[in-house]
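Here is a short briefing on one protein model. It covers open and enclosed space, backbone geometry, cysteines and one helix.

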Amino acid sequence: MKVKLSECWQRLLESEFQKEYFTKLISFVKSDYSKNICYPKEKEIFAAFDRCSFDDVKVVIIGQDPYHGFRQANGLCFSVEENMSHPPSLVNIFKEVQSDLGKPIPISGDLTRWARQGVLLLNATLTVREGQAGSHQKKGWEVFTDAVIQLISDEKEDVVFLLWGGFAKKKGKRIDQEKHCVLESGHPSPLSANRGYWFGNRCFSSANSFLKSKGMREIQW
């Protein structure tokens, strides 16, 4: 499995690809994909980077694990393939968009349209074995995605980071909050949302207000 990203990401992350942990990680992923059904499709493992260039990043949303069900994961956190039903967390995300911005709930759960506008939809772990949540955790992905977050924090300014839930907030420790806008809330999962930690956080309008204040185009959520 050869890692080949768009030119800018490739150049900025090349030193990370050369590290021992990453070599072992890719070896593990390649082996598990050859023996088991894993998600997303191999060609979509780095879809978050393919669909949102480094130069275009305006917003970062941090997820945890890809969906581990058939035809769900497409390499973007919280996103599903076209014509798939919306998982519970995505349902709640769309409900908050509707409440916050007055937009109708979309038919498609494919969030590529967000990525194309500069939203990096980054899972902390980029792969998973079918039906086994967390099966590819602690293999090296978390180290890699920490490095990505650090890179964005160091090399860019005025990025909006949406940190949903305790896990994302821990990842956010690498973000320079003097340079960037960090918006925290509960996780959109039913467990968190039904306890009042998600709905009404207005993170989407808040993100757009910040972008507008910096002279950047708002996201069409």
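**Pocket, cavity, backbone and helix**

Residues lining the largest pocket divide into 13 nonpolar, 12 polar and 1 charged. The model is predicted. Its largest pocket has a volume of about 400 Å³.

**Largest pocket**

- The lining of the largest pocket counts 26 residues.
- Nearest the centre of the pocket lie Gln64, Asp65, Pro66, Tyr67 and Phe78.
- Three elements, β2 (59-63), α4 (88-101) and α7 (165-171), each give two or more residues to this lining.

**Enclosed space**

- The structure holds 1 cavity of 30 Å³ or more.
- The space in the largest cavity comes to about 30 Å³.
- Its lining consists of Pro40, Ile45, Pro66, Gly75, Leu121, Asn123 and Leu126.
- By class, 5 of these lining residues are nonpolar and 2 are polar. None is charged.
- Pro66 is part of the cavity lining, and Pro66 is also among the residues nearest the centre of the largest pocket.

**Backbone geometry**

- The peptide bond from Tyr39 to Pro40 is cis. Its omega is near -5°.
- Pro40 sits in the loop between β1 (38-39) and α3 (47-50). Pro40 also helps to line the largest cavity.
- Arg71 is not a glycine, yet its phi is positive, at about 55°.
- The loop between β2 and α4 holds Arg71. With a relative accessibility of 32%, Arg71 counts as partly exposed.
- Lys138 is another residue other than glycine with a positive phi, here near 60°.
- Lys138 belongs to the loop between β4 (128-129) and α6 (141-155). Its relative accessible area is 76%, so Lys138 is exposed.
- Gly102, just after α4, has a positive phi of about 75°.

**Cysteines**

- How many disulfides are there? The count comes to 0, with a cut-off of 2.5 Å between cysteine sulfur atoms.
- Cys8 is in no disulfide. The nearest cysteine sulfur, that of Cys52, is 11 Å away.
- Cys8 is buried, because its relative accessible area is 14%, under the 20% limit.
- Why does Cys181 form no bond to Cys203? The sulfur of Cys203 is the closest cysteine sulfur to that of Cys181, but it is 11 Å away, too far for a bond.
- Cys181 has a relative accessibility of 13% and therefore counts as buried.

**Helix α4**

- How far should the 14 residues of α4 span? At 1.5 Å a residue, the expected span is 20 Å. The end C-alpha atoms are 20 Å apart, so the two values agree.
- Buried residues in α4 are Ser89, Leu90, Asn92, Ile93, Phe94, Glu96, Val97 and Asp100.
- Which elements cover these buried residues? The cover includes α5 (112-115), β5 (160-164), α8 (190-193) and α9 (203-213).
- α4 also gives two or more residues to the lining of the largest pocket.

Definitions and conventions. Residues numbered from 1 in each chain as written. Predicted model: local features only at pLDDT ≥ 70, side-chain atom pairs only at ≥ 80, totals over all residues. Heavy atoms only, no water. 1 Å grid on protein atoms, 1.4 Å probe; cavity = no way out; pocket = protein on both sides within 12 Å on 5 of 7 lines; lining within 4 Å. Points joined across faces, edges and corners; volume = space filled by probe spheres on them. Helix = DSSP H or I, 4+ residues; strand = E, 2+ residues; numbered from the N terminus. Nonpolar A, V, L, I, M, F, W, Y, C, P; charged D, E, K, R; others polar. Buried < 20%, exposed > 50% of the residue type's maximum accessible area, 1.4 Å probe, protein only. Expected span 1.5 Å × (residues − 1). Contact = heavy atoms within 4.5 Å.
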